[in-house]
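Got the viewer open and a selection box ready? Let's take a short walk, one selection at a time.

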Amino acid sequence: MRRKVLCVFVALLTVLQLTACSLTNTCKESGCDDEIYEDGYCKYHYYLNAGSDFLKDIIN
């Protein structure tokens, strides 16, 4: 029983470590390597996206 608990614990730690290493601090826009400003976008792409949403709201 102890061995099963230890194996599950080690597996859980491995998954958590791999997940933590895969997190990025760059813009989610393809090809952009700038730091995140808000909502996963850099400052440029955030305002570009927000402006696009604003115009869509006005038109509709």
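Where is the place of His 45? Select it and you land in helix H2, which covers residues 43-59. Keep in mind that this is a predicted model.

Stay on His 45 and turn on its surroundings. The residue is buried, with a relative accessible area of 15%. Skip the neighbours within four places in sequence, and His 45 is in contact with Cys 27, Glu 29 and Cys 32.

Next stop: Cys 32. This cysteine is buried too, at 11% relative accessible area. Leaving out residues up to four places away in sequence, Cys 32 touches Thr 26, Cys 27, Cys 42 and His 45.

Now show the sulfurs. Why is Cys 32 not bonded to Cys 42? The closest cysteine sulfur to that of Cys 32 sits in Cys 42, 3.7 Å away, and that is too far for a bond, because a disulfide needs the two sulfur atoms within 2.5 Å. Searching the whole structure gives zero disulfides.

Widen the selection to Cys 27, Cys 32, Tyr 41, Cys 42 and Tyr 46: these five residues make up the largest nonpolar core.

For another cysteine, jump to Cys 7. Its relative accessibility is 49%, so it counts as partly exposed, since exposed would take over 50%.

Last, pick Leu 6, which lies in helix H1, residues 2-22. Add Phe 9, Val 10, Leu 12, Leu 13 and Leu 16 and colour by surface: together with Leu 6 they form a nonpolar surface patch with about 570 Å² of accessible area.

Key. Residues are numbered from 1 along each chain as its sequence is written. This is a predicted model: local features need pLDDT of at least 70, side-chain atom pairs count only at pLDDT 80 or more; totals for chains, interfaces and linings use all residues. Side-chain values use heavy atoms; hydrogens and water are left out. Buried means under 20% relative accessible area, exposed over 50%, partly exposed in between (1.4 Å probe, protein chains only). Helices (H or I, at least four residues) and strands (E, at least two) are DSSP runs, numbered from the N terminus. Contact means heavy atoms within 4.5 Å. A nonpolar core is a set of buried Ala, Val, Leu, Ile, Met, Phe, Trp, Tyr and Cys residues joined through side-chain atoms within 4.5 Å. Patches are made of residues with over 30% relative accessible area and no salt bridge: like charges are joined within 9 Å, nonpolar side chains (Val, Leu, Ile, Met, Phe, Trp, Tyr) within 5 Å. Accessible areas come from the Shrake-Rupley method with a 1.4 Å probe; for residues, only the protein chains shown count as cover. A salt bridge is a side-chain nitrogen of Lys or Arg within 4 Å of a carboxyl oxygen of Asp or Glu.
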